[in-house]
Amino acid sequence: MDKLGNVLISVMQDLSRVSTNGYAHIKVNRNICDSQRFEKLFNYFTYGTILEHIDLQVEEVDSRAECVCGYRETVEGDHAGYLRCPECGKYAEINDRAYEIAKPDPEKTKLRQSRTF
């Protein structure tokens, strides 16, 4: 799992590349940080940057184990990246991305136009 500082920097870099129109919705893994703390840190570190005035909505998400048989379970704490499925016995993959930008969708949003003065 990534460290909080690395996740914060990655979010800032990703948001600075796309045109946000003043709003962003971020999903942050609960194992990294709670939503209020992440928002406060984001506001602190973006002060004086192009991201300073973004209305940021932060949502917490859990790590989830997903098996090919359809079994899904919320996973808490440390793990090896997989666990045995209690239904079929195969190994279930754990999806524990550090963050996800929900809005604006980076794949559908235009890249920010740089301006020189």
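**Figure 1. A salt bridge between Arg97 and Glu100.** In this predicted model, a salt bridge brings together the side chains of Arg97 and Glu100, with 2.9 Å from N to O. Glu100 is partly exposed, and its relative accessible area is 32%. This pair belongs to a structure that holds four salt bridges, and the next two views turn to others.

**Figure 2. A salt bridge within helix 1, between Arg17 and Asp14.** Here the closest N and O atoms of Arg17 and Asp14 are 2.9 Å apart. Why can these two side chains be looked at as neighbours along the helix? Arg17 and Asp14 are three residues apart in helix 1 (residues 4-17), so about one helical turn separates them. Arg17 has 45% relative accessibility and counts as partly exposed. Asp14 is partly exposed as well, with a relative accessible area of 25%.

**Figure 3. Glu60 and Arg30, a salt bridge between a strand and a loop.** The closest N and O atoms of Glu60 and Arg30 lie 2.7 Å apart. Glu60 sits in strand 2 (residues 55-61), while Arg30 belongs to the loop between strand 1 (23-29) and helix 2 (35-45), so this salt bridge ties together parts that are 30 residues apart in sequence. Glu60 is partly exposed at a relative accessible area of 23%, and Arg30 is partly exposed at 43%. Follow the partners a little further and you reach Asp62: salt bridges with shared partners join Arg30, Glu60 and Asp62 into one network.

**Figure 4. The aromatic pair of Tyr44 and Phe45.** How many aromatic pairs does a search of the whole structure find? The search finds one. Its rings belong to Tyr44 and Phe45; the centres are 5.0 Å apart and the planes stand at 90°, so the pair is edge-to-face. Tyr44 is exposed, with 61% relative accessible area, whereas Phe45 is partly exposed, with 45%.

**Figure 5. An open sheet of four strands.** The strands of this sheet come in the order 4-3-6-5, and their pairing is antiparallel. Which strands form the edges? Strand 4 (72-75) and strand 5 do, each pairing on one side only. From one strand to the next, the twist averages 30°. Strand 6 has strand 3 (residues 63-66) as an antiparallel partner, joined to it by three bridges; in this part of the sheet, Glu66 stands opposite Glu93 of strand 6.

**Figure 6. The hairpin of strand 5 and strand 6.** Strand 5 and strand 6 (residues 91-95) run antiparallel and are joined by three bridges. Tyr82 has Glu93 as its bridge partner in strand 6, and Leu83 has Ala92. Between the two strands lie six residues, and in this hairpin Gly89 takes a positive phi near 90°.

**Figure 7. The two faces of strand 6.** In a regular strand, side chains alternate between the two faces of the sheet. Which side chains of strand 6 point to the buried face, and which to the other? Ala92 and Ile94 point to one face and are buried, while Tyr91, Glu93 and Asn95 point to the other and are not buried.

**Figure 8. Leu83 and its surroundings.** Leu83 is a residue of strand 5 (residues 82-84), and it is partly exposed, with 22% relative accessible area. Leaving aside residues up to four places away in sequence, Leu83 touches Ala65, Glu73, Val75, Lys90, Tyr91, Ala92 and Ile94. Take Ile94 as one example: its C-alpha is 7.6 Å from that of Leu83, although the two residues are 11 apart in sequence.

**Figure 9. The whole protein, for orientation.** To place the close-ups, here is the overall picture. The protein has two helices and seven strands, which follow the pattern α-β-α-β-β-β-β-β-β along the sequence. Of its 117 residues, 31% count as buried. Among contacts between residues at least 6 apart in sequence, 69% join residues at least 24 apart. The protein exposes about 8200 Å², and carbon and sulfur atoms supply 45% of that area.

How values were computed: Residues are numbered from 1 along each chain as its sequence is written. This is a predicted model: local features need pLDDT of at least 70, side-chain atom pairs count only at pLDDT 80 or more; totals for chains, interfaces and linings use all residues. Side-chain values use heavy atoms; hydrogens and water are left out. Buried means under 20% relative accessible area, exposed over 50%, partly exposed in between (1.4 Å probe, protein chains only). Contact means heavy atoms within 4.5 Å. Accessible areas come from the Shrake-Rupley method with a 1.4 Å probe; for residues, only the protein chains shown count as cover. Two strands pair if DSSP finds at least two bridges between them. Axes are lines fitted to C-alpha atoms, for helices over the stretch in contact, and angles run from 0 to 180 degrees between N-to-C directions. Rings of Phe, Tyr and Trp (its six-membered ring) pair if their centres lie within 6.5 Å; planes under 30 degrees apart count as stacked, over 60 as edge-to-face and the rest as tilted.
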